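Let's talk through some charged side-chain pairs and how each label gets earned. Have a look first, then we'll get into the whys.

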Amino acid sequence: RLGYAALAMRLGYPAEAKRVVEAGLAKKSFAGADLGEAAKLQASAARAAAVDRAQAAADEAAAQAAKDGNALVGQGLLCTVDGNPAQGAALLDQGIAKGGLKRPDDARLHLGIAQLRSGRAAAALETFQALTGADALGAQAHVWALLARSRMQAASAPPAAAD
């Protein structure tokens, strides 16, 4: 957990780092030196996440004004990771529609993940199925599609009968 949280911080996702560290602390997953490192990382991630939240409206406005959809896709990914996948999916959708993307298939994969995390498994499945290919991204989309299918099946399964 600590390694993942540190990586999330280095990659610019402090809210994700904060969430992971807090979950680890709540489960008492850290001991000794790791406990001290987790506390430092939690404080650093909390500060950085607060700055991100304060800057979010300005960043979204700049992304809306950009000539292509890359900044909107980035903002959508951040919203999804920050725990707001519905807003993330909306921003990702806008970015994809705006066009000019450096990595359009990556954007669609992230859109599917945001859709799935926001409870829209059928839409996510459709998004993942559109990403066909023999490359690593196609394989990732296939795995996410399996998860979407399993969520749809679980949601449609009748409740277990009481004894």
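Q: What makes the contact between Arg108 and Asp105 a salt bridge?
A: This is a predicted model, and in it the closest N and O atoms of Arg108 and Asp105 are 3.6 Å apart. The cut-off is within 4 Å, so the pair counts as a salt bridge.

Q: Where do Arg108 and Asp105 sit relative to each other?
A: Both are in helix α6 (residues 104-117), and because they are three residues apart, about one helical turn separates them.

Q: Why is Arg108 called partly exposed?
A: Its relative accessibility is 29%. Buried needs under 20% and exposed needs over 50%, so Arg108 lands in between. Asp105, at 37%, is partly exposed too.

Q: How do you know that Arg19 and Glu16 form a salt bridge?
A: Their closest N and O atoms are 2.9 Å apart, and that is within 4 Å, so the label fits. The two residues are three apart in helix α2 (residues 14-26).

Q: Is Glu16 buried or exposed, and why?
A: Buried: Glu16 has 8% relative accessibility, and the limit is under 20%. Its partner Arg19 is at 47%, so Arg19 counts as partly exposed.

Q: What makes Lys40 exposed?
A: Lys40 reaches 57%, and the bar is over 50%. Glu37, with 42%, is partly exposed. The side chains of Lys40 and Glu37 meet in a salt bridge at 3.8 Å, N to O, which is within 4 Å.

Q: How many salt bridges turn up in the whole structure?
A: The search finds five.

Key: Residues numbered from 1 in each chain as written. Predicted model: local features only at pLDDT ≥ 70, side-chain atom pairs only at ≥ 80, totals over all residues. Heavy atoms only, no water. Helix = DSSP H or I, 4+ residues; strand = E, 2+ residues; numbered from the N terminus. Buried < 20%, exposed > 50% of the residue type's maximum accessible area, 1.4 Å probe, protein only.
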